[in-house]
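Visitor: I've got a structure open and I'd like to learn how to read it. Could you walk me through a few features?

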Amino acid sequence: MKNESKFYNEIKKNLFEISWIRIENSVILGVADLLGYNVNSTFFTLELKVARGNKVTFSPHQIAFHIRHPKKTFICVKGQGSRSPKLFEGAKIRELSKEGFKSKALAQGYEEIKKVLNSL
């Protein structure tokens, strides 16, 4: 199983209050991996990334998607080790691409991430 698939299973297990739809899309490039629907009936997208060291890599299409859709879009990044995941606003994709996993996150760890996503 690929790292991102494992990460998705971890998301479903730890953020189970949110209804997740996995977006498998090879037609419209750059669209986020997941569509979430929270306890407040709010939709949002979540891009999943597994960092290699500090580096977080995005395609030009992913960058364009998050720049074009800066509201209610998020990026969740997990390190390859046992580091807890970090949540970033989609609008911060350029900063995240440049500074990597060490960038200042909106939330870190599943409990904090859950609070942010359920407060939308």
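Guide: Sure, starting with one side chain. This is a predicted model, and in it Leu117 touches Leu15, Ile18, Trp20, Asn38, Phe44, Phe74 and Leu87, leaving aside residues up to four places away in sequence.

Visitor: Which residues touch the most other members of the largest nonpolar core?

Guide: The general idea is that in soluble globular proteins, nonpolar side chains tend to be buried together. Here the largest nonpolar core has 19 residues, and Ile11, Trp20, Leu46, Leu87 and Leu117 touch the most other members. Two or more residues each come from α1 (3-14), β3, β4 and α4 (110-118). Another core, of nine residues, lies apart from it; Ala51, Phe58, Val77 and Leu96 are among them.

Visitor: Now a helix. Why do the buried residues of α2 sit on the same side?

Guide: An α-helix has 3.6 residues a turn, so residues three or four places apart point the same way. In α2 (residues 60-68) the buried ones are Gln62, Phe65 and His66. They are on the same side of α2 because they cover an arc of only 90 degrees around the axis. Their packing partners are β3 (43-51), β4 (73-79) and α3 (93-99). On the face turned away from that buried side you'll find the exposed Pro60 and Arg68.

Visitor: And the sheet: in what order do the strands run?

Guide: Strands of a sheet pair through backbone hydrogen bonds, either parallel or antiparallel. This open sheet has six strands, ordered β1-β2-β3-β4-β5-β6, with mixed pairing. β1 (19-22) and β6 (107-108) are the edge strands, each pairing on one side only. β6 pairs with β5 (residues 86-89) in the antiparallel sense over two bridges, and Leu87 stands opposite Ala107 in β6.

Notes. Residues are numbered from 1 along each chain as its sequence is written. This is a predicted model: local features need pLDDT of at least 70, side-chain atom pairs count only at pLDDT 80 or more; totals for chains, interfaces and linings use all residues. Side-chain values use heavy atoms; hydrogens and water are left out. Two strands pair if DSSP finds at least two bridges between them. Helices (H or I, at least four residues) and strands (E, at least two) are DSSP runs, numbered from the N terminus. Buried means under 20% relative accessible area, exposed over 50%, partly exposed in between (1.4 Å probe, protein chains only). The arc is that of the directions from the helix axis to the C-beta atoms. Contact means heavy atoms within 4.5 Å. A nonpolar core is a set of buried Ala, Val, Leu, Ile, Met, Phe, Trp, Tyr and Cys residues joined through side-chain atoms within 4.5 Å.
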